[in-house]
Amino acid sequence: MSPSPELALAASGLVKTYPGGRHAPPVRALDGFTLAVDAGTVVALLGPNGAGKTTAVKVLTTLAVADSGEAQVAGADIRRHPDQVRRRIGLVAQRPSADPLATGRENLVLAARMQGLSRHDAQQRAATLLDRFGLLDAADRQAKTYSGGMARKLDVALGLVHRPQVLFLDEPTTGLDPQARAELWAEIERLATDEGVTVVLTTHYLDEADRLADRVAIVDAGRIVVEGSPEELKQALRGDAMQLELDTAASATAAAAALAGLPGLRELHVDGVRLRARADDGAAVVPAVVGCLERAGLTAVAVTVARPTLDDVYLRQVGRSFQEAS
């Protein structure tokens, strides 16, 4: 595979298998994972826990070796030139990377020194990042005293200390409150827009992928099943998303049978007490749906009609809702 100057990341056919337990079969975490990422963009790997997102990040950041397949990251081959890859990327893993007993400033200076910066330059870089992330007031406090949002900002700052070309963020906002999430979202957007950093983001939050990503790659069973911009993926689903809530799961199943074949309604899917469907014109078909249910002796607790979401895309591509998969 020849690296392209327009691509910050190009992976093809990555396979990674982990040994099973004493009585368990091996686990294929990656099964032909293939992805191309344009420089200066934000790409979200969207999928539930166990889909293969974190394994993909480990392989692409040289923390794990694939069984087969190839990839270039920031112009360097992950197998032949792993040291070059590491110098050109930043990684913010799920677990905190800062020393809890060191201050925020000390953590950043140490990271910068390890990347080869002089003492003066390391101190300057630390001050710049502390200011950018709103951590100056807490710069000389131990990291263990930071709130969850502050600690996550420090983690991202550590990943940026050497000015990487590609930044990997593995579930960066898990456990954060809404304000801290919004602040981190704003910083991620700024990195790509103002500084041209390529961001590869793994997430199991639909709204996060929809808000941040230029491109979304839905990951399931170790492979990417569909990829595109959020709007492209949603617009590919014609019509509206309709959801009916019944009183019991049995009623939802009976409703699906009653509505099968109703003109203007398709792709019926039962999810517990909910029945999901696609409608050519949601508002127009609601009266017919309600009438059909009444004739079958069924009553919907609630009926909602909305434009397609990434959850609807996931349902179409994977065969189950994102909530079910999670």
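Here is a chat between a trainee and a mentor about a predicted model.

Trainee: Why is aspartate 77 called buried?

Mentor: Its relative accessibility is 8%, and buried means under 20%, so aspartate 77 counts as buried.

Trainee: What makes arginine 80 count as exposed?

Mentor: Arginine 80 has 63% relative accessibility. The cut-off for exposed is over 50%, so arginine 80 counts as exposed.

Trainee: How do you know that aspartate 77 forms a salt bridge with arginine 80?

Mentor: Their closest N and O atoms are 3.6 Å apart. A salt bridge needs that nitrogen within 4 Å of a carboxyl oxygen, so the pair counts.

Trainee: And what about arginine 105 with aspartate 140?

Mentor: That pair forms a salt bridge too, with the closest N and O atoms 3.0 Å apart. Arginine 105 sits in helix H3, while aspartate 140 is in the loop between helix H4 and helix H5, so the bridge ties together parts that are 35 residues apart in sequence.

Trainee: Why is arginine 105 called partly exposed, but aspartate 140 exposed?

Mentor: Arginine 105 comes in at 28%, and partly exposed lies between under 20% and over 50%, so that label fits arginine 105. Aspartate 140 is at 55%, which is over 50%, so aspartate 140 counts as exposed.

Trainee: What makes valine 303 fit into a nonpolar surface patch?

Mentor: Valine 303 has 31% relative accessibility, and patch residues need over 30%, so valine 303 passes that cut-off. Val290, Val303 and Val305 make the patch, which is about 180 Å². You'll find valine 303 in strand E14.

Technical notes:
Residues are numbered from 1 along each chain as its sequence is written. This is a predicted model: local features need pLDDT of at least 70, side-chain atom pairs count only at pLDDT 80 or more; totals for chains, interfaces and linings use all residues. Side-chain values use heavy atoms; hydrogens and water are left out. Patches are made of residues with over 30% relative accessible area and no salt bridge: like charges are joined within 9 Å, nonpolar side chains (Val, Leu, Ile, Met, Phe, Trp, Tyr) within 5 Å. Accessible areas come from the Shrake-Rupley method with a 1.4 Å probe; for residues, only the protein chains shown count as cover. A salt bridge is a side-chain nitrogen of Lys or Arg within 4 Å of a carboxyl oxygen of Asp or Glu. Helices (H or I, at least four residues) and strands (E, at least two) are DSSP runs, numbered from the N terminus. Buried means under 20% relative accessible area, exposed over 50%, partly exposed in between (1.4 Å probe, protein chains only).
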